[in-house]
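Please keep the structure open in your viewer and follow the stops below in order, selecting the named residues as you go.

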Amino acid sequence: MKLRFLTVATDTAEKNELDLLRESKNATIVVLPDSPYYESLESAMKIRKYVKQRNVTQLPKSMQDIIRDQQDEASRYEVSAMEELKAAISKASFYVDGEHLEIKGGDAKSRIDQALEYLVTHVYSDLDLIERNTESDTDIIAILTGEESMLPGAEPNRNAAAKVEEFLIMQDRKNLPTSMFDVQSRYQGIPYGWREIDIAAVVALLIIQQKVTIKYGGATIQPTDPKLPDMLRKRSEIGKTSISKRKTPSLVKMKQVRELLREYFDVMDVPDDEDGLVAFIVKKFEEQKEHYEALNEMTDSHAKRKTCNSLVTGQKNVGYLGDSDARGDGMSFVQTQ
């Protein structure tokens, strides 16, 4: 979006109505009427330029007094130009997003604000889909971890999330890969104009609703990953982060998996959502791994003790046999004698 002012110094050809309507697309053009503001500014600038070209401190006092008076006059010119400029803006013609906009009432600032507000609402027509702004990564983490309680169907920015989901469905149908850079670029542009942190929060909502899959370096990223907020919004990471519409398993398959897990682990309480099942499986198999590793250590320790005992017994037996042989030899010697 652009804000342009056409003054009395602007070529008349540039103020053609048709050209103004065309040039004001995605912009605001303010055409100021003829008034003395330009002459006042020009006079002030001439004085300022003259003073800059002189080493005032080296001039005689009389010349310094003259220059000081001229500087005061330049300040008066500038104040006068400011007032004349405000009056000109109040009477100016406004061209906004291809329309000649009639703005009634208000001072110069108010009229400019009205024109820009009109421009924003027309250019960024989907800006209002962001109903609540996100302030920091802490807010994103609260969404991802479930710390922020949300009623189904009443989630903040749910309409914005639906827009992003529609885009990802379309990308999936076209078999096109999509990165977070693509998502950020699309929704920061026209007609959305969303902030990058708000886009990240919208995607976080889709993640926690299990509607999208996030991958980084080919690995699926879980909502609890502490680096996930960076992957969703950090400039150095969004190009490496892929996002896609999640493929949801059928209810039949989910039921079969839950029944299998109940039977295998001999438990009744099994999560009924996909992410919950994944977390449950990982946790249970990690527990089993730790259990069997502990058993393995116990078995190894028992085997080592048994081996040590066998060695000790063997050594004792060898010693006993050695003593017996010695005694036997002695007896043989005595008997021989």
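Is D19 buried or exposed, or does it lie in between? Select D19 and colour it by accessibility: D19 is partly exposed, with a relative accessible area of 26%, where buried means under 20% relative accessible area, exposed over 50% and partly exposed in between, computed with a 1.4 Å probe on protein chains only. Before going further, note that this is a predicted model, in which local features need pLDDT of at least 70 and side-chain atom pairs count only at pLDDT 80 or more, while totals for chains, interfaces and linings use all residues. Residues are numbered from 1 along each chain as its sequence is written, and side-chain values use heavy atoms, with hydrogens and water left out.

**Salt bridges**

Stay with D19 and add R22 to the selection, and you will see their side chains meet in a salt bridge, 3.0 Å from N to O; the term stands for a side-chain nitrogen of Lys or Arg within 4 Å of a carboxyl oxygen of Asp or Glu. Side chains of opposite charge can pair when their charged atoms come close. Both D19 and R22 belong to helix 1 (residues 17-23), where they are 3 residues apart, about one turn of the helix; helices (H or I, at least four residues) and strands (E, at least two) are DSSP runs, numbered from the N terminus.

Next, select D97 together with K25, whose closest N and O atoms are 3.7 Å apart in another salt bridge. D97 is in the loop between strand 3 (93-96) and strand 4 (99-101), and K25 is in the loop between helix 1 and strand 2 (27-31), so this pair ties together parts that are 72 residues apart in sequence. The two partners can be set side by side in a surface view: D97 counts as buried at 10% relative accessibility, whereas K25 counts as exposed at 53%.

Now move to R68 and D65, which form a salt bridge with the closest N and O atoms 2.8 Å apart. They are separated by about one helical turn, being 3 residues apart in helix 3 (residues 61-90). R68 is partly exposed, with a relative accessible area of 41%, and D65 counts as partly exposed at 27%. Going back to helix 1 for a moment, select D19, R22 and E23, which are joined into one network by salt bridges that share partners. A search of the whole structure finds 15 salt bridges.

**Helix pairs**

Show helix 2 (residues 37-52) and helix 3 as cartoons: their axes come within 8 Å and cross at roughly 155°, the axes being lines fitted to C-alpha atoms, for helices over the stretch in contact, with angles running from 0 to 180 degrees between N-to-C directions. Helix 2 and helix 3 are therefore roughly antiparallel to each other, since angles under 35 degrees count as roughly parallel, over 145 as roughly antiparallel, 65 to 115 as roughly perpendicular and the rest as oblique.

Then select helix 7 (residues 180-188) and helix 8 (residues 196-208), which pack at an angle of about 120° with their axes 10 Å apart. Helix 7 and helix 8 are therefore oblique to each other.

**Sheets**

Select the open sheet of 4 strands, which has the order 1-2-3-4 with mixed pairing; two strands pair if DSSP finds at least two bridges between them. Its edge strands are strand 1 (2-6) and strand 4, each of which pairs on one side only. Within this part of the model, strand 2 and strand 3 run antiparallel and are joined by 4 bridges, and V31 stands opposite S93 in strand 3.

Finish at the open sheet of 3 strands, whose order is 6-5-7 and whose pairing is antiparallel, with strand 6 (219-220) and strand 7 as the edge strands, each pairing on one side only. Strand 5 (residues 212-216) and strand 7 pair in the antiparallel sense over 5 bridges; among the bridge partners in strand 7 are S242 for K215 and K245 for V212.

Which side chains of strand 7 (residues 241-245) are buried? Display them as sticks: T241, I243 and K245 point to one face and are buried, while S242 and S244 point to the other and are not.
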